[in-house]
Structures are given as structure tokens and as C-alpha cells.
Amino acid sequence: MDYLDQLEAEAIHILREVAGQFENPALLFSGGKDSITLVHLAEKAFRPGKFPFPLVHIDTGHNFPETIAFRDELIARLGEKLIVGYVQDSIDAGKVVEQKGKNASRNMLQTVTLLDTIAEHKFDACIGGARRDEEKARAKERIFSVRDEFGQWDPKRQRPELWNVYNGRIHKGENVRVFPISNWTELDVWNYIRRENIKLPSIYFSHERNVITRNGQLMAAAEFLNMDHEDIVEYRKVRFRTVGDMTCTAAVLSEAFEIDDIIEEIQQSKISERGARMDDKVSEAAMEDRKKGGYF
Amino acid sequence: MDLLKFITAGSVDDGKSTLIGRLLYDTDSILDDQLEAIQRANRKNNDGTIDLAILTDGLKAEREQGITIDVAYKYFQTDKRKFIIADTPGHIQYTRNMVTGASNADLAIILIDARKGVIEQTRRHSFIVSLLAIPNVLVCVNKMDMVDYDEAVFAKIKSDYEQLTENLRINQVDFIPVSALKGDNIAAPSANMPWYEGTYLLNFLETVDTHQPNTEQQARFPVQWVIRPQTAALPDYRGYAGRVVGGSFNVGDQVAVLPSGFSSRITQIELAGESLNTAEDGISVVIHLADDLDISRGDMLVKQDEQPAVSQEFEADICWMDTKPLDISQVYLIQHHGKTTKIKLQDIRYKVDVNTLEKTTDGHFGLNDIGKIQFKSADPLAFDEYARNKSNGGAILIDSRNNLTVAALMIAKATA
């Protein structure tokens with residue numbers, strides 16, 4: 001088998017293990033290419049049946065409008081259930097406090113909304129699109145990653161994970177995060193998207209938009225960025241390599257209009273995908289710390 | 001393009017993480033922002049070059065202590081192949097993490113420090129490689145720069161290692177003298193060792209054939225999930241979803257359903273709505289049968305004339321992985337594919353001293369202990385000998401009190 005077939009077969013196997021082992025799983029859907037790929041794999045795993053889980057979106061309220069439009073079209077085509085957890089609700093309930101200042105982001109606040117959504121719907125497994133090549137703490141995480149009742153990841157107490165046997169047994173209140181595309185690289189995802197002709201939100205492809213430069217990164221000029229007179233708005237040809245919240249996802253200058261161009265661009269790139277994520281730049285252990293706190 | 005999965009094993013200061021760092025660096029797999037992060041971390045070797053080990057030590061605790069605690073997975077590719085490296089810890093305290101990384105590897109790189117030669121840890125790592133049935137071993141004799149690239153040092157280690165593996169079940173062993181720190185024989189042939197006629201590491205990895213001859217596997221299909229839409233358009237659709245783990249199935253094959261033993265015929269094989277004639281090893285598909293049988297998750301389809309053992313009693317090699325020692329009076333759970341059932345440990349056959357490879361009758365199994373145990377499960381299991389089919393001979397033991405995975409089982413044979 002070709003490597004993409006192997007990766008696909010492994011991911012489908014993992015998705016079916018989730019269906020078989022858990023009472024009430026969910027698929028965490030961000031609107032990014034990795035979770036869109038997961039949805040495509042779920043179709044391969046479960047059609048012509050329905051998905052044995054709803055899609056769950058944790059909405060910071062600072063999304064790219066293109067992502068939300070894409071999400072709603074996808075859900076309509078799939079005929080599957082979508083549950084949305086709103087960070088705004090957590091703010092209104094006084095559970096989290098909005099950050100202040102120019103670099104304010106709701107990225108950290110998402111964790112609380114995510115954990116509340118998991119608790120409210122009693123999800124025992126949450127499927128996510130994280131990959132081990134993204135970041136060094138993620139490189140250490142198991143495919144079935146058990147979180148305690150506070151949603152926390154304990155890297156020192158990970159269960160051994162052998163062959164293709166995944167131990168999803170948990171106590172009430174705990175949940176398992178499951179990462180079916182752990183072994184895929186960014187390039188693998190793009191090659192798979194090309195091979196399978198998977199549709200993506202338009203912001204992944206080169207387009208013209210207003211941007212500002214913050215901390216050396218190009219950010220979409222949006223009201224959420226608390227712009228002031230120091231921010232100089234420029235109209236540039238850009239695309240996004242990852243799609244998160246508008247406050248933490250930086251754009252790259254790009255002329256890549258087609259998937260082939262993007263694959264070419266990634267192969268030439270000297271910067272990693274998460275190099276354009278402000279949330280990872282906070283400290284050396286930014287991702288590890290967030291995961292320990294219950295993050296995706 | 002194909003995919004090679006390998007592990008790297010070595011003891012604490014053998015330069016294992018440096019070797020991986022070097023492979024990634026020399027294949028241009030480290031990007032600018034990652035290099036920048038390494039430079040920010042400001043970890044330098046004694047000679048002022050960047051410490052590449054920091055690339056694989058992903059956890060804070062690892063960076064603080066300068067050791068690898070858990071498996072880190074790294075990905076790179078060349079024009080010829082894609083690679084997944086499981087960088088596994090060398091320290092005896094983390095043997096279980098090495099076993100985790102080894103379970104899916106096609107090749108093991110064992111590092112030996114040229115100054116120290118074959119040591120206890122080399123023996124332990126090699127034993128684990130043979131226990132987990134990794135077909136190929138590559139011994140990298142590292143730090144050749146510190147022994148003046150001396151051929152005699154390399155020859156002595158090679159001969160010592162060959163002696164060590166005489167009693168182990170390893171299919172193929174190769175040797176390369178390297179210096180991970182200086183880059184000798186990593187991504188290009190070394191000019192410092194003209195006496196060495198073999199190939200360099202990267203070329204070896206790109207070309208090694210890990211396919212074992214004479215191990216034609218029999219067809220196995222553990223059922224994970226039954227697809228039954230029960231809609232107006234598809235009232236009678238019933239498909240068995242799973243992944244082929246050995247051999248292959250064709251439309252028209254007579255199959256047996258285990259453990260029940262009922263038989264039927266494959267009428268259709270589907271992948272994402274497309275019909276296939278054959279489901280080859282490793283593929284995830286949906287299989288349809290001619291007869292309506294009671295089949296659910298945990299059952300296994302096999303070819304009628306290629307049946308595995310179906311038994312409640314068997315012997316297995318085990319690696320204990322929990323800090324709480326094995327309690328022979330306790331009933332555990334075994335998870336084998338989609339089947340989880342209660343299991344008793346009937347008899348401890350022996351324990352192996354992983355450093356000397358001697359068998360002892362010591363009945364105490366603590367963290368990282370390895371040995372052979374006689375088991376009896378509540379429900380019958382359909383399995384193959386681990387050495388013949390890893391996926392169908394491997395299983396895990398779970399402690400039902402805390403749900404932890406407490407042991408890896410490599411099934412040897414049915415005993416009843």
C-alpha cells in the first residue's frame with residue numbers, strides 16, 4: 001500500500017475504535033483542514049450509516065467568517081448534528097475574563113468552554129485533528145490520550161499504547177482525546193486533500209485582504225485585534241496555513257491559488273506550520289502547558 | 001512511496017537524540033523557526049555546536065533533566081521514502097516506553113558507544129527487539145570520532161554483538177560505524193573511515209528491505225463495528241467494518257466467523273462506497289456476507305481453510321508495565337482487537353533477567369519485568385502466534401480497578 005493508503009487505513013481504524021469503545025463520543029471540528037480531513041475519514045469509516053457522534057465546534061466568536069460559512073454548508077451536506085460551544089457564553093457567565101490589550105486573544109479561554117461543553121453533553125471521547133509533527137509536546141502524546149476529570153493531560157502518566165490496541169477504558173467524569181491523524185504530517189494532509197479532492201475554506205488559498213503586521217507576523221485586519229493608530233493596514237496577497245481564531249492565526253504572503261501551488265509552497269517553506277501561530281510562541285512549553293490545562 | 005517505521009534505542013549518553021537530530025538536520029527536515037527555538041533554548045555541546053538532542057525532548061521534564069522519558073515521534077522524508085521515528089528512552093526505568101515504541105517498528109537502530117562497547121543496556125534493548133519481533137536490527141557504533149575512527153574498535157564491537165544475538169530471535173543484523181555529533185556516515189559516506197566499505201545510515205534506511213521472507217500470513221479480519229443504516233433506502237444493508245490484519249480477502253472467499261465457527265461467503269468488499277475485489281493486508285474496509293449471521297464487534301472473520309487457534313488457555317510472553325506489581329490472585333482484563341474479556345494468570349512459567357537473559361523462577365513481576373505466563377480467559381480468543389502475526393498475537397492487559405494498561409502480551413501458543 002502507498003503511504004497515504006496506510007495513513008488512511010490507520011485513521012479509519014481509530015475512528016471505528018472510538019465508535020466501538022465509547023458511549024458518547026464527539027468529533028471536535030474547528031473548520032480547519034485537519035478537522036475537515038477527519039470528517040472525510042469519518043465518511044469513509046461509517047457511510048452509508050450515520051456518524052456515531054456529533055460534530056462539536058468551540059466558537060471563540062473571533063472566527064474567520066469564511067470558516068463559519070464553510071462549516072454550515074458542510075453540516076448541511078452531511079446531514080449530521082452540530083453542537084456549538086460559545087466562548088462568549090463562558091465570558092457572559094463570568095467563568096472567564098476577556099484579555100485586555102493589543103495582543104488579547106480568546107485562545108486560552110477556549111479551554112474552559114471546551115471542558116464545559118464536554119461536561120454538559122457528557123462526552124466520554126473527543127476526536128481531534130492534532131498531529132504529532134505540529135509541535136514537540138504533541139509529538140509525545142498517545143493516540144488515545146486520557147484526560148482526568150479536570151480535563152488535564154499528565155505526560156508522565158500516559159498509558160503504554162501498543163500495536164493497534166487502544167485502551168479507552170475510563171472512569172466516569174474522565175474523557176479520552178483521540179487523534180486519528182497523529183502520524184500524518186502537514187504535507188501528508190495536503191497530499192491527501194488533493195488525492196481525495198476535499199473541499200476547503202477559501203482562506204487556505206491565496207486571496208487579497210487587509211492585513212496588519214504584529215510582532216513580525218501578518219494578521220488579518222479585524223475589529224477583534226484592538227487596532228489603533230500604530231497599526232498600518234496594507235492590502236496584500238496572502239493565505240493562511242492553519243485556521244484558528246483571527247487573533248492568533250497569522251497569514252503568509254502567497255501566490256498559491258491551487259492545491260498544487262500550496263503543496264509546492266510547503267515543500268519549499270523554511271518555516272513550520274505552527275510558526276504562524278501566536279499561541280505557541282508564548283514560551284518553550286506553551287503547548288505542553290495548555291494541554292496539561294485541558295486544551296485540545 | 002513507502003513508509004519505514006523505526007525505533008532508536010540506546011542508553012542514556014549514547015547520543016541517540018543527537019543521531020536523530022543529525023538525521024533531521026542533514027535531510028533538511030528542521031525548519032527555521034524550530035532551529036530558532038533550539039537556539040533560544042541555548043543548549044550547546046562542549047565544542048559550541050547546537051545540541052540537536054533538544055529537538056526530540058518534547059517535555060519540560062526531559063529538557064530539564066536532559067534525558068528522554070517517553071516516546072517521541074518524528075517524521076521526515078527523502079525522495080525515496082517516508083520515515084516515522086519512534087525515539088524511545090534507553091533508561092531501564094522507562095523500558096515500557098521502549099516497548100510501546102517497538103510494537104509498531106519495522107526496524108530497530110541500536111546505538112552502542114564506541115568507547116564502552118556492548119553493555120548491559122545493549123543486551124536489554126536487543127532482547128526487547130527480539131521479544132517484540134522487530135525483523136531488522138541496525139547497530140550504529142557511535143562516537144567513532146572519540147576512538148580515532150579505529151577499525152579494530154568497530155570490529156570488536158561487531159563480533160561481541162553477533163555473539164550476543166546468537167540466542168535471540170532477530171532476522172537480520174547490520175552494522176555501521178558513525179559519529180552522530182560530527183555527521184560521519186549519517187547522510188553521506190565518511191572520509192574518516194576509508195576502511196569501512198558498507199553504506200551510510202541514510203542510504204541504508206532508504207533501501208533496507210524489512211519484508212520477511214517465508215512468513216506468508218493468513219487472512220484475519222477483526223470486526224470493529226457493524227454498519228446498519230436501517231433507512232428507507234437501505235433497509236437491509238448490513239456491513240462489517242474492520243481492518244485486515246494479515247493476509248488478504250477476496251470476494252467469493254468462504255469465511256468462518258470466530259469464535260462461533262459459523263461459515264459464510266464474502267459477497268462484497270467496500271471502501272467508501274466503492275467495490276473492491278480484494279482487501280489486502282492493512283486496509284480498512286466494509287465486508288458483506290451471503291448469510292445473515294449474528295456477528296458483532298469482537299468477532300473475527302478468517303478464511304475457512306486458514307483458521308487460527310481459538311482458545312481460552314494460552315502461554316504468552318509478557319512485559320509488565322505498571323508500577324503496581326502483578327498480583328496473581330487478581331482478575332485482569334485482556335484486550336485483543338475489539339474484544340475485552342476477563343483473564344486469570346494461572347501460572348508464572350519464568351521471569352527473564354533482561355540484563356543477563358537468564359530465566360529465573362522469581363514470582364515477583366514489577367515494573368518493566370519480562371517473562372512467560374500461563375493465562376486463562378473467560379471468553380475464547382482467536383489468535384495467532386505473535387511471531388507469525390504481531391497484530392493477531394499481541395494483546396494488552398488492563399487492571400479493571402484503575403483502567404491502566406498494565407502489561408503487553410505476546411501470545412506464544414494455545415495450551416488447551
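1. Pro259(B) sits in the loop that joins strand 10 (254-258) to strand 11 (263-271) of chain B; helices (H or I, at least four residues) and strands (E, at least two) are DSSP runs, numbered from the N terminus. The peptide bond that leads from Leu258(B) into Pro259(B) is cis, with omega near 5 degrees. A cis peptide bond is also present in chain A, from Arg47(A) to Pro48(A), with omega near 10 degrees. Pro48(A) belongs to the loop between helix 2 (33-46) and strand 2 of chain A.

2. On provenance, this is a predicted model, in which local features need pLDDT of at least 70 and side-chain atom pairs count only at pLDDT 80 or more, while totals for chains, interfaces and linings use all residues. Residues are numbered from 1 along each chain as its sequence is written, chains are lettered from A and ligands numbered from 1 in the order in which they are written, and side-chain values use heavy atoms, with hydrogens and water left out.

3. Chain B comprises eight helices and 22 strands. Of its 416 residues, 59% count as buried, where buried means under 20% relative accessible area, exposed over 50%, and partly exposed in between (1.4 Å probe, protein chains only). Among the contacts in chain B with a separation of 6 or more, 70% come from residues 24 or more positions apart; contact means heavy atoms within 4.5 Å.

4. The interface brings 73 residues of chain B into contact with 60 residues of chain A. The two chains bury about 5700 Å² between them, 54% of it on carbon and sulfur atoms; buried area is the accessible area (1.4 Å probe) that two parts lose on being put together, summed over both. Tyr75(B), Trp225(B) and Asn403(B) supply 12% of the area that chain B buries against chain A, more than any other three residues.

5. As to polar interactions across this interface, the count between chain B and chain A is two salt bridges, a salt bridge being a side-chain nitrogen of Lys or Arg within 4 Å of a carboxyl oxygen of Asp or Glu. One of them joins the side chains of Lys82(B) and Asp188(A) (2.6 Å, N to O). The rule also finds 21 residue pairs in polar contact across the interface (both at pLDDT 80 or more). A polar contact is a pair of N or O atoms within 3.5 Å; within protein, one must be able to donate a hydrogen and the other to accept it, and residues adjacent in sequence count only if both atoms are side-chain atoms. Helix 3 (residues 60-65) of chain B gives the most to the side of chain B that touches chain A, with five residues.

6. Ser182(A) occupies the loop between strand 6 and helix 6 (186-196) of chain A and is buried, with a relative accessible area of 2%. Its side chain reaches the backbone oxygen of Phe179(A) at 2.8 Å. Not counting residues up to four places away in sequence, Ser182(A) touches Ala130(A), Arg131(A), Arg132(A), Ile143(A) and, in the other chain, Tyr75(B).

7. Helix 5 of chain A has buried residues Gln110(A), Thr111(A), Thr113(A), Leu114(A), Thr117(A) and Ile118(A). Seen down the axis, these fall within an arc of 165 degrees, so they line one face of the helix; the arc is that of the directions from the helix axis to the C-beta atoms. The face turned away from the buried side carries the exposed residues Ala119(A) and Glu120(A). Cover for the buried residues includes strand 1 (25-28), helix 4 (87-92) and strand 6 (175-178) of chain A.

8. Two residues that are not glycine have positive phi: Lys122(A), at about 55 degrees, and His337(B), at about 50 degrees. Lys122(A) follows helix 5 of chain A and, at 65% relative accessibility, counts as exposed. His337(B), in the loop between strand 17 (332-336) and strand 18 (339-352) of chain B, counts as buried at 11% relative accessibility.

9. Over all chains, the search finds 40 salt bridges. Arg47(A) and Glu80(A) meet in one (2.8 Å, N to O), linking parts of the chain 33 residues apart; Arg47(A) is partly exposed at 23%, whereas Glu80(A) is buried at 9%. In chain B, Lys413(B) and Glu315(B) pair at 3.9 Å, N to O, connecting strand 22 (residues 405-414) with strand 16 (residues 309-320).
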